[in-house]
Amino acid sequence: MRRGAAVLLSVLAASCGGQALAAAAPSRVVSIHLCADQLVLALAERGQIASVSWLATDVRRSHMAKAAAGLRLNNGSAEEIVALRPDLVLAGFRSGRATVGALRKLGYRVVDLEFADNFDVVRRQTRKVAGLLGRAARGEALIAEMDSRLARAAADVPALRPVAAIYQPMGFTSGRGSLEHALMTAAGFENLAAQRGMGALGHLPLESLVMAKPAVLINWMGNDPAPSLARSFYDHPALSAGPWRTLALPNMYWACGAWYSALAVEQLAGMRRRLTAERPK
Amino acid sequence: MSRLEARNLHIRLGGRAVLSDLSFQLGTGELAGLLGPNASGKTTLLRALAALTEPERGEIALDGARVASLAPRDRARRIAYLEQGAASQWPVTVQRLVALGRSPHLAPWERAGESDRAAVADAMARCDVGHLAARPATELSGGEAARVMLARALATGAEILLADEPVSHLDPYHQFSVMKVIRDHADRGGAALVALHDLTLAARFCDRVLLLHEGGIAANGTPDDILTPEMIARVFSVDASLTRQDGLLHVVQRGIVGRADDGPGGGV
Amino acid sequence: MTSRTGALYGFLALAVTGLAILSFMTGPSALSAGSVWSALVAPDASPSSIIVREIRLPRTLLAILVGASLGLSGAALQGLLRNPLAEPGIIGASSSAAFGTALVFYFGLAGSSLAVLPAAGMTGAMLAVGLLFALAGRDATPLSLILAGVAISSFASALTALAINLASSAYAALEITFWLLGSLADRTMAHAAIAAPAMAAGWVLLLSCGRGLSSLSLGEDTAKSLGVSLASLRARIVLGVALAVGASVSVSGAIGFVGLIVPHLLRPAVGHDPGRLLGVSMLGGAALMLAADIVVRLLSSGIEIRLGVVTALIGAPFFLALLLQMRRRSG
């Protein structure tokens, strides 16, 4: 009976130009952004999902790639989305503002997700989207899993944290305020870029890196084997001659901050433990 | 003693037959003038003799050996070619330009030696351009340029000189002085075939004259024998009167004679 | 060689040496001359040793090799085409070499071998020069030369962009400025090693053309009559430029204008003789490339300015000035 009322209400809502009432769970959710895709695929019932973005099936960037198989993919254009008759559109911080604006003008409900560059935002966003989808319990479960992984990773952080640096081609690094910084500190590392006062996007010349001698270099080439100057850059003798270890993480952990970022923290923590074990007492 | 011989030459340019069944000889000590109307094939003939184009049929031999089969540097040491309107792309000094004439004698990485420098100096002295040695080649007057280019050709030390209209744009003084140098070259044992427009000049300096007309040699002999009013009218369509003064032949144009097929001339 | 040319070589060699020393001393880490020296003669595993041997040494070496190749190629092309505006960048050889290399690189056609890249660059450069002759002809006027060069260069750059866009790596699209504008940043000794043999072969071919080019300045007919084989000269220059420029671009990207500026500046010093211009253009090119690369490192705080940007900032106005000068003279 309550379900029938909910259906009636959502039909009324749809006929009023798509204005969703707070109580009704959306049944045609469209996500036009990779990071929103992850939350939708993890939290929603499959029947609620009308479409996810074309990046959702890219195994390099999408954690939930397998779950996205068989779903309708969209390119994020307003035309496509309108044809899908969504009752909720989830967009991200890089979605075209023109598209979002057009959809809103047409009366569609578009919710923007901000980029999650630390775990507080991850928790907040997971809860928000879970709430929008009417799947609050599922949201809490994800967060609980994430928190227990993070707690395990942080359990044995030594007083003297080893120094790590994100090192991208052309010398890009990530300092305070970046997602990488959150991951590294959660795993028990000191971030070289943050030590030097750099913000979210910093630059460190190769020479300076060689001089700084961090214990670990982290990059995002973990699953991009195709040739590129970026890939060859990591063969540079100055990088292989250094006393540091290198950890190549899959690109997906850089693309979005989400509950599964805890998996990256686990890998980082594992590296940190190996280093601490080898340290001369 | 060198002999340059052309036998039954047929030369085509761009599909058109320019010269047909042409034969003649040139020997040392001879200064031969190559005369003929515009587009009669003078340049084509000279270029073929210098092995710059290939004849369709026929042979060109230097002392019996086919000119086309000589090694390029060997040929360059024996035949010098002075092209029409020769000019330098870059403002090199005259000294340097004339010295280019010695390149057939130098191996690829070899530097110029005493004999080369002497040959250059000699050529420049003969052409009276010694005082221009340091001048950039692009800053020469018409007469100076003509003499410098001739010096370059003479510096090669080649016996045979093929010159394409070396005096056509020069004033009477320079016309005379350039022809004098070429005459001198022949007198010293060289041979020269010079394309000319000025009939009087040809008569003055040449031992022999070849008249080109309609793809062939209309006449081949001494100026006195060849340059008659009838021949000039036939080949040049010009009504000329010839007078002899101080033992020299003067050709004076009185008017033009209508051509059988009047029309714009061909390309060469 | 006259004593004047000898003095010029001496001066240029000194300039290259001085600039090379400066190049070793330039970088984000302040290294003393002493530590640079000991890193070169008595290397160890210290950071300064690594920096000098693996970062500054290949960079300095490549600046010399690439600069020499570009300077020499520019001088050779100007001599062959009898045109002071010719140079590998303007005629499209550099962009084509970049396309060839990028195509082979991003589509994994090289297997995992770096050594194939110079060959790819060479092929691209050779196609461009061949196409240039077909479009502009042998007696190219400045106008037809520039037009043909612009056509080839634009097409090659567009193809490079297309190839990069279609590449499978996610990083490829960000790397286009390397190919189109060039850089010596973070190049390795391996890069120098794969490019050097092809460059050296190109240098030998081009330097052998000295006398032929001097004779060619009097026109094709006169050159032939002086015993120059035009076909051989043309082939040596096309092949030599393809080797030198192709190998350079394959490791440094397309850097323009060096081959235009250097021969132009040095020409008066060698009496405008195209043959004598070849050798000094190598040293001049090396000096210019070293200087530009030092400027790049001094000016960049953060991401490095592309080397091709610096050479274009000097070169493009230079090119315009040359054009105006030529118009004034012929007009």
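**Rings, sheets and a chain contact**

In this predicted model, B:Arg204 sits over the face of B:Phe205, 4.7 Å from the centre of the ring. A little further along chain B comes a hairpin, built from E9(B) and E10(B) with two residues between them. Strand E9 covers residues 208-213 of chain B and strand E10 covers residues 216-221; the two run antiparallel and are joined by five bridges. Within this ladder, B:Leu211 has B:Ala219 of E10(B) as its bridge partner. The turn holds B:Glu214, which has a positive phi of about 50°.

Chain B also has an open sheet of four strands, laid out in the order E2-E1-E4-E5 with antiparallel pairing. Strand E2 (16-27) and strand E5 (65-66) of chain B take the edges, and each of them pairs on one side only. Eight bridges hold strand E1 (residues 3-13) of chain B to E2(B), again in the antiparallel sense. One residue pair across these strands is B:Arg3, which stands opposite B:Gly27 in E2(B). Helix H1 (residues 42-49) of chain B lies across E1, E2 and strand E4 (57-62), and its direction is at about 125° to that of E1(B).

Chain A offers a parallel counterpart. Here, too, four strands make up an open sheet, in the order E8-E6-E10-E11, but the pairing is parallel. The edges belong to strand E8 (190-191) and strand E11 (245-248) of chain A; each has a single partner strand, so one side of each has no neighbour in the sheet. Strand E10 (residues 216-219) of chain A pairs with E11(A) over four parallel bridges, and in this ladder A:Val216 has A:Arg245 of E11(A) as its bridge partner. Two helices of chain A can be described against this sheet. Helix H8 (residues 179-186) packs on it by touching strand E6 (163-166), E8 and E10 of chain A, with a direction at about 155° to that of E6(A). Helix H14 (residues 261-278) of chain A also packs on the sheet, touching E10 and E11, and its direction makes about 165° with that of E11(A).

Turning to the aromatic side chains, a search over all chains gives 10 ring pairs in the whole structure. One of them is made by A:Trp259 and A:Tyr260, with 5.0 Å from centre to centre and 85° between the planes, which is an edge-to-face arrangement. Both A:Trp259 and A:Tyr260 are buried. In chain C, the ring centres of C:Phe105 and C:Trp179 are 6.1 Å apart and the planes meet at 50°, so this pair counts as tilted. C:Phe105 belongs to helix H4 (residues 93-106) of chain C and C:Trp179 to helix H7 (residues 176-181) of chain C, so the pair ties together parts that are 74 residues apart in sequence. C:Phe105 and C:Trp179 are both buried. Ring pairs also bring in C:Tyr106 and C:Phe178, giving a cluster with C:Phe105 and C:Trp179.

As for how the chains meet, two pairs of chains are in contact, and chains A and C share the most contacts. Chain A puts 29 residues into this contact and chain C puts in 27 residues. The area buried between chain A and chain C comes to about 2400 Å², and carbon and sulfur atoms give 70% of it. On the chain A side, A:Glu207, A:Pro227 and A:Leu229 supply 28% of the area that chain A buries against chain C, more than any other three residues. Chain A and chain B, by contrast, are joined by no contact, and their closest C-alpha atoms lie 41 Å apart.

Note on methods
Residues numbered from 1 in each chain as written. Chains lettered and ligands numbered in written order. Predicted model: local features only at pLDDT ≥ 70, side-chain atom pairs only at ≥ 80, totals over all residues. Heavy atoms only, no water. Phe/Tyr/Trp six-rings, centres within 6.5 Å; stacked < 30°, edge-to-face > 60°. Buried < 20%, exposed > 50% of the residue type's maximum accessible area, 1.4 Å probe, protein only. Lys NZ or Arg CZ within 6 Å of the ring centre and 35° of its normal. Pairing = 2+ DSSP bridges. Contact = heavy atoms within 4.5 Å. Axes fitted to C-alpha atoms, helices over the stretch in contact; angles between N-to-C directions. Buried area = accessible area lost by both parts, 1.4 Å probe.
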